[in-house]
Every structure is written in structure tokens, then in C-alpha cells.
Amino acid sequence: MKKLCTASIAALLIATGGTAFAQADAPAEAEMQLSQAECQTIWNRADAAGSGKLSAADADRYVSNFAAADTDGDGALTSMEFMAACDQGLVHDSSATGAGDGVQGSDTLPAPEGSPSQY
């Protein structure tokens, strides 16, 4: 009887562990999908000059795969290509990336809790 219980618990742990890993990946992908309003806001920020196109260098902050987004292969993204790339999850808001652990207006990190202040 102990062997049956042990085997059942092991099987349950293995089954739920695989499910937990599969579900852990899903929210990260869903977070990458932006709404059309968010995409439009990012486009407006990226194309601040109003040229109607973004070069690879301009799009680099916002587009994870420029080649996939540039469907006509002309080396620039139009608004339509940008919005289509956004629908595919290729666009991200650059303000949501990076470490972000510093203190605004300072080139030093905050002192750890409990450490003496430098000032």
C-alpha cells in the first residue's frame, strides 16, 4: 500500500510540475502583446518627427525583430508594418525594459538597507 501511495504522489508531482512549467511561459508571452492604443502611442513616440517611417536604428528600441516586421524588405517600417508587428508581439515599450535599479538623477545605486549613509 505504501508503494502505491508513493507512486501516486510521484506521478502527481511529475504531472503538475510539467503543467506548472507550461503555464509559467504563457503569462510572459501574453504580457508582450500590446493593445492597439499602446501600439499607436509607441508609434507616435518612435516617429516623433512625423516622417511616417522608422529606420532600423529608430525602431531598435521598440521592435524585437526588425527583419520580421519589415515585410516589404525596404529597410524602413511604415505605420502599417509597425502595427502589424505589434499584433504579432514584436513591439515592446522601451520604458518597460532595462534594469531600472538606479536612482533618477544619480549615477549611483542606493545604499543597501542597514548600511551607514555616505552623507
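In this predicted model, E81 is a good place to begin. E81 is buried and yet has no salt bridge. The nearest side chain of opposite charge belongs to K53, and it is 6.7 Å away. A salt bridge here needs a side-chain nitrogen of Lys or Arg within 4 Å of a carboxyl oxygen of Asp or Glu, so K53 at 6.7 Å does not qualify as a partner for E81.

What, then, lies around E81? Setting aside residues up to four places away in sequence, E81 touches A69, D70, T71, D72 and A76. One of these neighbours, D72, can be described in finer detail: a polar atom of the E81 side chain lies 3.2 Å from the backbone nitrogen of D72. If you have the structure open, try finding this pair of atoms.

Now step back to the helix that carries this residue. E81 sits in helix α5, which covers residues 79–87. Which residues of α5 are buried? They are E81, F82, M83, A85 and C86. The cover over these buried residues includes α2, β1 (53–55), α4 and β2 (76–78), and among these are both helices and strands. After α5 comes G89, whose phi angle is positive, near 85 degrees.

With one helix in mind, let us place it in the whole chain. The protein has five helices and two strands. Along the sequence, they follow the pattern α-α-β-α-α-β-α. Of the 119 residues in the protein, 21% are buried. The protein exposes about 8,700 Å², and carbon and sulfur atoms supply 59% of that area. As for how the chain meets itself, consider contacts between residues at least 6 apart in sequence: 50% of them join residues at least 24 apart.

Next, look at the inside. In soluble globular proteins, nonpolar side chains tend to be buried together. Here, the largest nonpolar core has 18 residues. Which of its members touch the most other members? They are L54, V63, L77, F82 and V91. You have already met F82, as one of the buried residues of α5. Helices α2 (36–46), α4 (66–69) and α5 (79–87) each supply at least two residues of this core.

Let us return to charged side chains, this time to those that do pair up. How many salt bridges does the structure hold? There are two. In one of them, the side chains of R45 and D93 meet, with N and O 2.7 Å apart. This pair links distant parts of the chain, because R45 is in helix α2 while D93 is in the segment after α5, 48 residues apart. R45 has a relative accessible area of 37%, which means that R45 is partly exposed.

The other bridge brings back a familiar name. K53 forms a salt bridge with D74, and their closest N and O atoms are 3.4 Å apart. Here too the pair links distant parts of the chain: K53 belongs to strand β1, D74 belongs to the loop between α4 and β2, and 21 residues separate them in sequence. Is K53 buried, partly exposed or exposed? At 42% relative accessibility, K53 counts as partly exposed. D74 also counts as partly exposed, with a relative accessibility of 39%.

Two further places show how residues far apart in sequence can be found together in space. D87 is in helix α5, and its relative accessible area of 44% makes it partly exposed. D87 and Q36 are 51 residues apart in sequence, while their C-alpha atoms are 7.8 Å apart. Leaving out residues up to four places away in sequence, D87 touches Q33 and Q36.

The second place involves E38 and H92. E38 lies in helix α2 and is partly exposed, at 39% relative accessibility. H92 is in the segment after α5. The two residues are 54 apart along the chain, and their C-alpha atoms are separated by 9.3 Å. Why is H92 called buried? Its relative accessible area is 17%, and buried means under 20%, so H92 falls in that class. A polar atom of the H92 side chain lies 3.0 Å from the backbone oxygen of R61.

Methods
Residues are numbered from 1 along each chain as its sequence is written. This is a predicted model: local features need pLDDT of at least 70, side-chain atom pairs count only at pLDDT 80 or more; totals for chains, interfaces and linings use all residues. Side-chain values use heavy atoms; hydrogens and water are left out. Helices (H or I, at least four residues) and strands (E, at least two) are DSSP runs, numbered from the N terminus. Buried means under 20% relative accessible area, exposed over 50%, partly exposed in between (1.4 Å probe, protein chains only). Contact means heavy atoms within 4.5 Å. Accessible areas come from the Shrake-Rupley method with a 1.4 Å probe; for residues, only the protein chains shown count as cover. A nonpolar core is a set of buried Ala, Val, Leu, Ile, Met, Phe, Trp, Tyr and Cys residues joined through side-chain atoms within 4.5 Å. Lys and Arg count as positive and Asp and Glu as negative; His and the chain ends are not counted. A polar contact is a pair of N or O atoms within 3.5 Å; within protein, one must be able to donate a hydrogen and the other to accept it, and residues adjacent in sequence count only if both atoms are side-chain atoms.
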